[in-house]
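The following exercises ask you to read a ligand site and a sheet from atomic coordinates. Please examine the sequence and the structure before attempting each one.

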Amino acid sequence: MKDMLTPYVTDDGRQIGETLMDMRNITLRFGGVEAIKDISFNIQEGEIRAIIGPNGAGKSSMLNVISGFYNPQEGEVWFRGKKRPPMKPFQVARLGIARTFQNIALFEGMSVLDNVMTGRLNHMNAGLFSQALWKGRAEREETENREAVERVIDFLEIQAIRKTPVGRLPYGLKKRVELARALAAEPKLLLLDEPMAGMNVEEKEDMSRFILDVNDEFGTTIALIEHDMGVVMDLSDRVIVMDYGRKIGDGTPDEVRNNQEVIDAYLGVAHD
Ligand SMILES: Nc1ncnc2c1ncn2[C@@H]1O[C@H](COP(=O)(O)OP(=O)(O)O)[C@@H](O)[C@H]1O
Ligand SMILES: [Mg+2]
């Protein structure tokens with residue numbers, strides 16, 4: 001599944017390729033509030049890129065710009081070497097960008113399997129009309145969708161709960177189902193907004209392992225927001241630090257950890 005251009009290998013042996021996403025001078029305002037102030041950064045093919053910073057720094061807003069949920073007032077979004085015009089989230093999803101939310105957004109009354117299936121909606125091209133005309137194509141599509149969903153269910157080890165309504169699951173498993181739904185879309189770029197928030201230590205370890213495995217086995221590029229610095233240091237290849245809508249740090253975990261501005265604004269202060 002790897003689709004690397006010119007990969008190079010990082011110190012810890014992971015492959016990183018060319019620039020996948022290039023955010024150039026992004027500014028996002030809500031009325032008088034500047035949630036993002038003239039930020040530039042890139043995400044390279046194959047890497048795990050963390051975004052950290054205090055509450056209200058603009059981290060979720062940044063993921064929302066990447067996913068097309070908000071279109072910035074200023075700046076340019078480049079994806080796979082092309083400038084992306086303003087788009088709706090479903091159009092961005094079709095480019096191969098999937099996400100999970102800071103607050104779980106699943107259909108609680110539906111089974112795990114059905115929830116994961118909704119991740120395939122972007123791949124369902126054959127409408128009713130073409131289904132009537134092109135029975136073969138529709139059947140092929142359905143087989144592909146089923147296979148992709150089964151692959152993800154196996155991979156994330158949720159076979160045993162496939163029939164269970166999501167509302168009955170403990171928190172950590174719900175987060176895993178949300179990850180499964182995002183992965184079912186077979187994204188090029190996966191956006192995770194605080195995937196470990198509210199989890200206990202064991203759930204965090206499981207989630208960390210799955211994130212690393214997804215990156216490793218599917219070659220999926222990942223951008224994630226996370227507060228737990230231990231997790232960030234373990235998982236990420238590079239880290240962006242935001243504070244009050246500005247970018248105050250950008251580099252490897254070690255570089256960021258030793259950046260005085262970052263220490264003053266974020267690392268030196270207590271937070272959950
Ligand atoms: N939809 C919105 N409408 C108005 N203000 C918003 C909206 N979303 C975020 N903000 C504001 O933008 C700033 C950044 O928020 P957010 O991106 O959620 O920060 P973070 O995820 O880093 O905690 C905050 O001041 C927040 O109140
Ligand atoms: Mg947030």
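**Exercise 1.** By class, how many nonpolar, polar and charged residues does the shell around ligand 1 have?

*Solution.* Note beforehand that the model is predicted.
Step 1. List the shell: Phe 30, Ala 35, Pro 54, Asn 55, Gly 56, Ala 57, Gly 58, Lys 59, Ser 60, Ser 61 and Tyr 70 surround ligand 1.
Step 2. Sort these residues by class, with Gly counted as polar.
Step 3. The shell has 5 nonpolar, 5 polar and 1 charged residues.
Step 4. Helix α1 (residues 59-66) supplies the largest share of the shell, 3 residues.

**Exercise 2.** Identify polar contacts of ligand 1, using a cut-off of 3.5 Å between N or O atoms.

*Solution.*
Step 1. From the backbone, an N or O atom of Gly 56 lies 2.8 Å from a ligand 1 oxygen.
Step 2. From the side chains, a polar atom of Ser 61 is 2.6 Å from an oxygen atom of ligand 1, and an N or O atom of Tyr 70 is 3.0 Å from a nitrogen atom of the ligand.
Step 3. Of the 560 Å² of accessible area that ligand 1 has on its own, the protein covers 61%.

**Exercise 3.** Determine which strands stand at the edges of the open sheet, and explain why one side of each lacks a neighbour.

*Solution.*
Step 1. Write the order of the 6 strands, β8-β9-β10-β5-β11-β12, whose pairing is mixed.
Step 2. The edges are β8 (97-100) and β12 (246-251); each has a single partner strand, so one side of each has no neighbour in the sheet.
Step 3. For β12, the pairing with β11 (residues 238-243) is antiparallel over 5 bridges, and Ile 240 stands opposite Asp 250 in β12.

Technical notes: Residues are numbered from 1 along each chain as its sequence is written. Chains are lettered from A and ligands numbered from 1 in the order in which they are written. This is a predicted model: local features need pLDDT of at least 70, side-chain atom pairs count only at pLDDT 80 or more; totals for chains, interfaces and linings use all residues. Side-chain values use heavy atoms; hydrogens and water are left out. A polar contact is a pair of N or O atoms within 3.5 Å; within protein, one must be able to donate a hydrogen and the other to accept it, and residues adjacent in sequence count only if both atoms are side-chain atoms. Accessible areas come from the Shrake-Rupley method with a 1.4 Å probe; for residues, only the protein chains shown count as cover. Helices (H or I, at least four residues) and strands (E, at least two) are DSSP runs, numbered from the N terminus. Two strands pair if DSSP finds at least two bridges between them.
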